[in-house]
Amino acid sequence: MKSNNELRKEYLKKRNELTIEEVLSLSKIIEDKLYSVIHEYDTDNILCYYPLKKEVNLLGLYNILLDEGYNLYFPVVFRDGMRFYKANNMDEFSIGTFDVYEPDDRRFEFRSMEAFVITPGLVFDKDNNRVGYGMAYYDRFLRHNTQVTPVGVCFKFQVVDKVNATPLDVPVKRVITD
């Protein structure tokens, strides 16, 4: 079995080989599936991510959810972890840590409550374990916020049979792909 670092390198390379057109086309399929899944849950709070490079792009879905009255929160990375802040529109973001867009408004921080967490990853396995960029921000957040429901999103080719999960890794409830 490949190490998680080997998986990271391999699947980051594969994802980066996608054209922008492929990313947007496959992302639209995932957006449609995710929209249905979100409506299965009884929460108005959705923790999102802003796509980095060729990650699954859900920006269109976020605009729809905002129009429907959902509370969308986006991550900001700090030395001690990751916190989520409410965004009222998709126009007020600036480049922050790791060149990821972060919400400009930091008045309304997500506090421990039920929420649906759209969780990105480089690789997921068939047991819903996740390999991210290796900094464990999502794992630490999910360990301290057990009332949230994490759902992974990735392109279909990013799902493998098995990753090297540790007791500190937090699996997602399910993975949505194209």
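This text walks through the sheets, helices, pockets and cavity of the structure above. The model is predicted.

Start with the six-stranded sheet. This sheet is open, and its strands follow the order 3-2-1-6-9-11. The pairing is mixed. Strand 3 (81-87) and strand 11 (174-176) form the edges, each pairing on one side only. From one strand to the next, the twist averages 30 degrees.

Look at the strand 3 edge. Strand 2, residues 71-78, pairs with strand 3 in the antiparallel sense. Seven bridges join these two strands. Within this pairing, Val 76 of strand 2 faces Arg 83, which stands opposite in strand 3.

Two helices meet this sheet. Helix 3, residues 59-67, packs on it. Helix 3 touches strand 1 (45-47), strand 2, strand 3 and strand 6 (115-120). The direction of helix 3 makes about 130 degrees with that of strand 2. Helix 4 covers residues 137-144. Helix 4 lies across strand 1, strand 2, strand 3, strand 6 and strand 9 (148-153). Against strand 3, helix 4 runs at about 75 degrees.

Now move to strand 6. How many of its six residues are buried? Six of the six are, so strand 6 is largely enclosed by the rest of the structure. Both of its faces are covered. On one side sit Ala 115, Val 117 and Thr 119, and on the other sit Phe 116, Ile 118 and Pro 120.

Strand 6 has parallel pairings with strand 1 and with strand 9. Two bridges join strand 6 to strand 1. Here Leu 47 has Val 117 as its bridge partner in strand 6. Six bridges join strand 6 to strand 9. One of the residues involved is Pro 120, whose bridge partner in strand 9 is Val 153.

Stay in strand 9 for a single residue, Thr 149. Is Thr 149 buried or exposed? The cut-off for buried is under 20% relative accessible area. Thr 149 has a relative accessible area of 17%, so it counts as buried. Now set aside its neighbours within four places in sequence. Thr 149 is then in contact with Tyr 41, Ala 115, Phe 116, Val 117 and Lys 173. Of these contacts, Ala 115, Phe 116 and Val 117 are residues that strand 6 buries on its two sides.

The other sheet to visit has three strands. This sheet is open too, with the order 8-7-10 and mixed pairing. Its edges are strand 8 (130-131) and strand 10 (159-160), each pairing on one side only. Strand 7, residues 123-125, pairs with strand 8 in the antiparallel sense over two bridges. Val 123 stands opposite Val 131 of strand 8.

Turn next to the open spaces. The largest pocket has a volume of about 630 Å³. It is lined by 32 residues. Nearest its centre lie Arg 130, Tyr 133, Met 135, Tyr 137 and Tyr 138. Helix 1 (4-16), strand 2, strand 8 and helix 4 each give two or more residues to this lining. Which element gives the largest share? Helix 4 does, with four residues. By class, the lining has 18 nonpolar, seven polar and seven charged residues.

The second largest pocket has a volume of about 230 Å³. Of its 14 lining residues, Met 82, Arg 83, Phe 141, His 144 and Asn 145 are the closest to its centre. Strand 3 and helix 4 are the elements that give two or more residues to this lining. Arg 83 thus appears again: it stands opposite Val 76 in the sheet. The classes here are five nonpolar, four polar and five charged.

One enclosed space remains. A search of the whole structure finds one cavity of 30 Å³ or more. The largest cavity holds about 40 Å³ of space. Its lining is made up of Arg 15, Tyr 49, Glu 55, Val 56, Pro 120, Gly 121, Val 153, Cys 154, Phe 155 and Gln 158. Six of these lining residues are nonpolar, two are polar and two are charged. The lining includes Pro 120 and Val 153, the bridge partners named above for strand 6 and strand 9.

Notes. Residues are numbered from 1 along each chain as its sequence is written. This is a predicted model: local features need pLDDT of at least 70, side-chain atom pairs count only at pLDDT 80 or more; totals for chains, interfaces and linings use all residues. Side-chain values use heavy atoms; hydrogens and water are left out. Two strands pair if DSSP finds at least two bridges between them. Axes are lines fitted to C-alpha atoms, for helices over the stretch in contact, and angles run from 0 to 180 degrees between N-to-C directions. Contact means heavy atoms within 4.5 Å. On a 1 Å grid over the protein atoms alone, a cavity is a set of points where a 1.4 Å probe fits but cannot get out, and a pocket is an open set with protein on both sides within 12 Å along at least five of seven lines; lining residues have an atom within 4 Å of a point. Grid points are joined across faces, edges and corners, and a volume is the space filled by probe spheres set on the points. Ala, Val, Leu, Ile, Met, Phe, Trp, Tyr, Cys and Pro count as nonpolar, Asp, Glu, Lys and Arg as charged, and the others, Gly among them, as polar. Buried means under 20% relative accessible area, exposed over 50%, partly exposed in between (1.4 Å probe, protein chains only).
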